[in-house]
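This report goes through one protein model, from its enclosed space to its core and a single residue. The sequence and structure come first.

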Amino acid sequence: MPTWLIVLIVVVAVAVLGAVIWLVTQEMQRKRLQQRFGPEYDRAVAEKDSPRAAQRELAERERRHKELDIRPLSASARERYAREWAQVQEKFVDQPSAAVAEADQLLNSLMAERGYPTEGYEQQVADLSVRHAKTLEHYRAAHTTQQKRDGASTEDLRDAMVRYRTVFEDLLTDGADDEQHDHHDRRNGHDHGGHDRDGDRAEQRAANRRDTGRDDSNRHETGRHDTERHDTERHDTERHDTDRHETERQASANPRTEWNGGR
């Protein structure tokens, strides 16, 4: 086979392999983004020229989100926001339009305290989509109603309040379980490093007890064997003495029998 043909085959094989790897990588990326962003993925694909452009956009959102200092709320902050939200809901009874506006402002305040930038609505949506994609459509719909609240019906305003509350609760409780778990561990002294050290000490004490038990058992077994050996030797000695005495008695009796017979 000519050398040029071998080179051509190798080049084609490498190109085909590279294409396969690229296609597999793109498919894995698509599935990952689709799983993470949910409906937001389909929305991005519909807004962009191609699925690839949508994937680049969503990947850029992930990159930006990693640079943000997103943090959970403290327990006291959650309680404070819950009280403020209850006050806004009470206000809705008499002033529904004003209550919707305050709900939007309170939600922005909550985002800022969590670490989300609030410089613009579109950027807020993009940042929230990475971690709160499931409630993002509620935020869009509520924001649209809030923008035209003066001309919106009471039913539309009530729907906006419900949607705002869905987003509000999502942001309020996100990360709360991890924070409460860490606080519970610290309060009960369940520090992982201390726990490991306590476990090591407990294992060492258990090992020492097992070694001590084995030593006691060995000493007991050795003593028992020594006693049995001494008893056996004593019995052998007594039996030997008995046999010797019996032999001497028979030896002394035999001469007397022979001598009497001689008389």
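A cavity is a set of grid points where a 1.4 Å probe fits but cannot get out. In this predicted model, the largest cavity has a volume of about 30 Å³. The count comes to 1 cavity of 30 Å³ or more. Its lining consists of L128, H132, T135, L136, Y139 and V167. Sorted by class, this lining has 4 nonpolar and 2 polar residues, and no charged ones.

**The chain as a whole**

The protein chain has 10 helices and 0 strands, so the pattern read along the sequence is helical throughout, α-α-α-α-α-α-α-α-α-α. Some totals for the chain are set out below.

| Property of the protein chain | Value |
|---|---|
| Share of its 263 residues that are buried | 26% |
| Accessible surface | about 18200 Å² |
| Part of that surface belonging to carbon and sulfur atoms | 51% |
| Contacts joining residues at least 24 apart, among those between residues at least 6 apart in sequence | 66% |

**The nonpolar cores**

In soluble globular proteins, nonpolar side chains tend to be buried together. Here the largest nonpolar core has 30 residues, and L107, L110, Y139, Y164, F168 and L171 have the most contacts inside it. At least two residues of this core come from each of α4 (75–92), α5 (96–114), α6 (121–131), α7 (136–147) and α8. The largest share, 8 residues, is supplied by α8. Another core lies apart from this one; it has 7 residues, including F37, Y41, A44 and V130.

L110, one of the residues with the most contacts inside the largest core, can be followed further. Neighbours within four places in sequence aside, L110 is in contact with L73, Y81, F168, L171 and L172. Y139, also among the residues with the most contacts in that core, helps line the largest cavity.

**A residue in helix α8**

Helix α8 covers residues 154–173, and L157 lies in it. Is L157 buried or exposed? Its relative accessible area is 3%, and because buried means under 20%, L157 is buried.

Which residues does L157 touch, leaving aside its neighbours within four places in sequence? The contacts are F92, P96, S97, V100, T145, R149 and A152. A101 can be placed relative to L157 as well: the two are 56 residues apart in sequence, while their C-alpha atoms are 9.9 Å apart in space.

Terms used
Residues are numbered from 1 along each chain as its sequence is written. This is a predicted model: local features need pLDDT of at least 70, side-chain atom pairs count only at pLDDT 80 or more; totals for chains, interfaces and linings use all residues. Side-chain values use heavy atoms; hydrogens and water are left out. Helices (H or I, at least four residues) and strands (E, at least two) are DSSP runs, numbered from the N terminus. Buried means under 20% relative accessible area, exposed over 50%, partly exposed in between (1.4 Å probe, protein chains only). Contact means heavy atoms within 4.5 Å. A nonpolar core is a set of buried Ala, Val, Leu, Ile, Met, Phe, Trp, Tyr and Cys residues joined through side-chain atoms within 4.5 Å. On a 1 Å grid over the protein atoms alone, a cavity is a set of points where a 1.4 Å probe fits but cannot get out, and a pocket is an open set with protein on both sides within 12 Å along at least five of seven lines; lining residues have an atom within 4 Å of a point. Grid points are joined across faces, edges and corners, and a volume is the space filled by probe spheres set on the points. Ala, Val, Leu, Ile, Met, Phe, Trp, Tyr, Cys and Pro count as nonpolar, Asp, Glu, Lys and Arg as charged, and the others, Gly among them, as polar. Accessible areas come from the Shrake-Rupley method with a 1.4 Å probe; for residues, only the protein chains shown count as cover.
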